[in-house]
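Work through the exercises below with the sequence and the model open. Each task is followed by a solution in steps.

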Amino acid sequence: MFGLSSIMTFMLFVFWPLSLVAAALWGIFAFKDVEEDDQL
Amino acid sequence: MTLTIGIIYLLVILAIGLWSMRRQVDMNTFYLGGRSFGPWLIAFAVSSTTMSGFGFIGIPGLVYENGYPNMMIIIFATAGIFVSFLILAKPMRKITQKFGTLTIPDLLEIRYNSKAVRGIAALAILGGAIGYQMAQYKALGNMLQTVLGVDYKLALIIGVVILTFYVVAGGMVSAIWTDFLQMIIMVVGSLIVFIGGMNLVGGMSQLNSDLSNINPDLVQAYHTTGPIGIFAFISYFFIYVIGHQGQPHVVSKFYMIKKVSLLKWACIIAASTYAITGLLSFTGLYARVLVERGDMAVPPSADMVAPMFIEAYFPSVIAGLIFAAVMAAIMSTSEAFLLIASQSVVRDIYQQIIKKGEELSQKKELALSRWITFGIIAFTFVISLNPPDLVGWLGNASWGIFAASLVPVLSIGILWKRATRIAAICSSFLGLVFSVGLYILSVNDIYTPALDTGAVAFIISAVSFVGISLVTKPETNLIFDENTDEKSA
């Protein structure tokens with residue numbers, strides 16, 4: 001895509017954005033039961 | 001105009017230093033800002049400290065020479081930020097609340113009940129921090145030389161004087177607020193250059209088509225015949241995805257957030273702002289194509305690629321803004337390393353090992369912290385005037401030194417109860433010795449492993465950590481005891 005090799009296309013357009021998605025999901029799921037943490 | 005913007009930026013930094021100075025009370029406020037920061041400040045601090053002068057100047061230079069394979073550093077480091085939050089952020093913040101830890105070696109001593117692990121970690125941090133700082137000072141001198149139009153040594157003096165003032169006076173409070181300002185400038189500047197440059201070269205497809213005509217390896221994820229081959233790709237994964245957790249100047253920021261729950265926003269903010277600033281690495285590709293077309297002069301060195309490109313193609317207001325952003329990147333990483341190096345001397349080596357944990361008065365703590373910070377600046381500055389080659393190379397290897405010495409004992413140890421003290425001592429020691437030793441052998445052309453020296457050292461350290469833990473006697477530890485009473489913060 002865009003003249004890049006297939007691996008580079010994957011790294012730039014899939015892996016990189018997925019890292020950001022993972023960061024967002026971590027924020028949502030890791031703190032679901034967060035009330036007791038705030039008691040620290 | 002470039003000069004004006006540069007000077008305005010430096011004055012703002014000084015003002016922040018002055019404001020922060022009044023908030024200094026003791027070692028806790030100097031090194032951790034009193035654990036009072038919200039998610040935006042912490043997130044921006046994590047991303048701006050990860051994006052250093054190397055990221056803004058060095059990587060575009062490497063990308064200019066080697067193409068997309070060197071951009072993998074940015075892509076992997078983004079993932080590394082996520083992994084660090086995933087594994088370390090919550091446990092570290094809870095541990096600092098429970099045990100009052102100020103530094104990474106603090107945490108390691110509590111985890112393994114061992115001053116030896118503290119000592120080795122403190123030495124690794126001190127050595128890597130001073131080495132990396134020297135690379136930052138050189139970049140600072142080069143940038144200010146361009147912006148202010150003075151010679152290198154004077155530029156270095158001016159930069160270091162300003163750095164000294166805002167770090168020694170304001171400590172971590174100053175550092176976090178300047179990081180915040182710096183990241184805003186860096187994000188805006190990077191977007192302008194990325195979009196403007198892409199228009200200039202005629203879009204993504206045109207850019208990659210031109211690169212491919214110069215050398216097909218430039219549009220690969222790793223070279224088939226060039227120097228950044230598959231082993232470099234694998235090494236980058238270890239050093240930047242996994243190794244990010246060992247970067248003490250970054251992960252220590254997890255101690256500083258106001259409360260644990262605020263970390264949830266900090267991760268996505270940090271990762272996305274870092275990724276945006278990482279787009280600046282495209283300047284290396286733009287410059288390569290423009291030089292090939294004859295539209296841009298050949299840069300005399302790799303370090304000059306980004307500054308030359310920006311100066312040639314963007315109005316001076318934008319150039320001034322970008323240069324301020326680059327100075328920001330260099331200074332934010334420099335002060336992060338400075339504080340971490342100073343901490344390792346004052347807190348880890350002097351107070352905890354030499355003075356055996358004796359409580360110092362607040363006034364004495366603060367004074368000592370400031371004096372040692374000043375001393376490290378002076379020492380690093382003197383060497384930076386005429387840096388010996390070997391020490392400069394060590395600066396470049398510091399990511400690997402931190403990854404090998406600290407990641408297994410910190411990241412695995414914080415989650416795995418079965419890890420033992422002996423394993424931690426051996427692992428961190430081997431990590432330190434191999435990362436420094438292999439690097440020295442490599443730069444002197446005595447022996448160069450296929451994988452990057454830091455990656456090799458990390459693998460040795462991690463394998464020995466797990467292996468020795470499994471064959472030594474299991475231990476209990478306070479960190480995993482739910483009933484341990486917390487100290488006040």
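**Basis**

This is a predicted model, in which local features need pLDDT of at least 70, side-chain atom pairs count only at pLDDT 80 or more, and totals for chains, interfaces and linings use all residues. Residues are numbered from 1 along each chain as its sequence is written, chains are lettered from A in the order in which they are written, and side-chain values use heavy atoms, without hydrogens and water.

**Exercise 1.** Classify the ring pair of Phe76(B) and Phe237(B), and place both residues.

Step 1. Phe237(B) is partly exposed, because its relative accessible area is 33% (buried is under 20%, exposed over 50%, partly exposed in between, with a 1.4 Å probe and protein chains only). Phe76(B), at 3%, is buried.

Step 2. Over all chains, the structure holds 25 aromatic pairs (rings of Phe, Tyr and Trp, the last by its six-membered ring, with centres within 6.5 Å; planes under 30 degrees apart are stacked, over 60 edge-to-face, the rest tilted). In the pair of Phe76(B) and Phe237(B), the centres are 5.8 Å apart and the planes stand at 80°, which is edge-to-face.

Step 3. This pair links distant parts of the chain: Phe76(B) belongs to helix H5 (residues 72–99) of chain B and Phe237(B) to helix H10 (residues 230–242) of chain B, 161 residues apart (helices are DSSP runs of H or I, at least four residues, numbered from the N terminus).

Step 4. Ring pairs join Phe76(B) and Phe237(B) into a cluster with Phe15(A), Tyr222(B), Phe233(B), Phe238(B) and Phe458(B).

**Exercise 2.** Determine how the rings of Trp177(B) and Phe180(B) are arranged.

Step 1. Both residues lie in helix H8 (residues 152–201) of chain B, three residues apart, about one turn of the helix.

Step 2. The ring centres of Trp177(B) and Phe180(B) are 5.9 Å apart and the planes are at 75°, so the pair is edge-to-face.

Step 3. Trp177(B) has 30% relative accessibility and is partly exposed; Phe180(B), at 23%, is partly exposed.

**Exercise 3.** Which residue lies over the face of Tyr64(B)?

Step 1. Apply the criterion: NZ of Lys or CZ of Arg within 6 Å of the ring centre and within 35 degrees of the ring normal.

Step 2. Arg288(B) lies over the face of Tyr64(B), 5.8 Å from the ring centre.

**Exercise 4.** How many disulfides does the structure hold?

Step 1. Look for pairs of cysteine sulfur atoms within 2.5 Å. The count over all chains is zero.

Step 2. Among the cysteines, Cys267(B) is buried at 0% relative accessibility, and Cys426(B) is partly exposed at 28%.

Definitions and conventions:
Helices (H or I, at least four residues) and strands (E, at least two) are DSSP runs, numbered from the N terminus.
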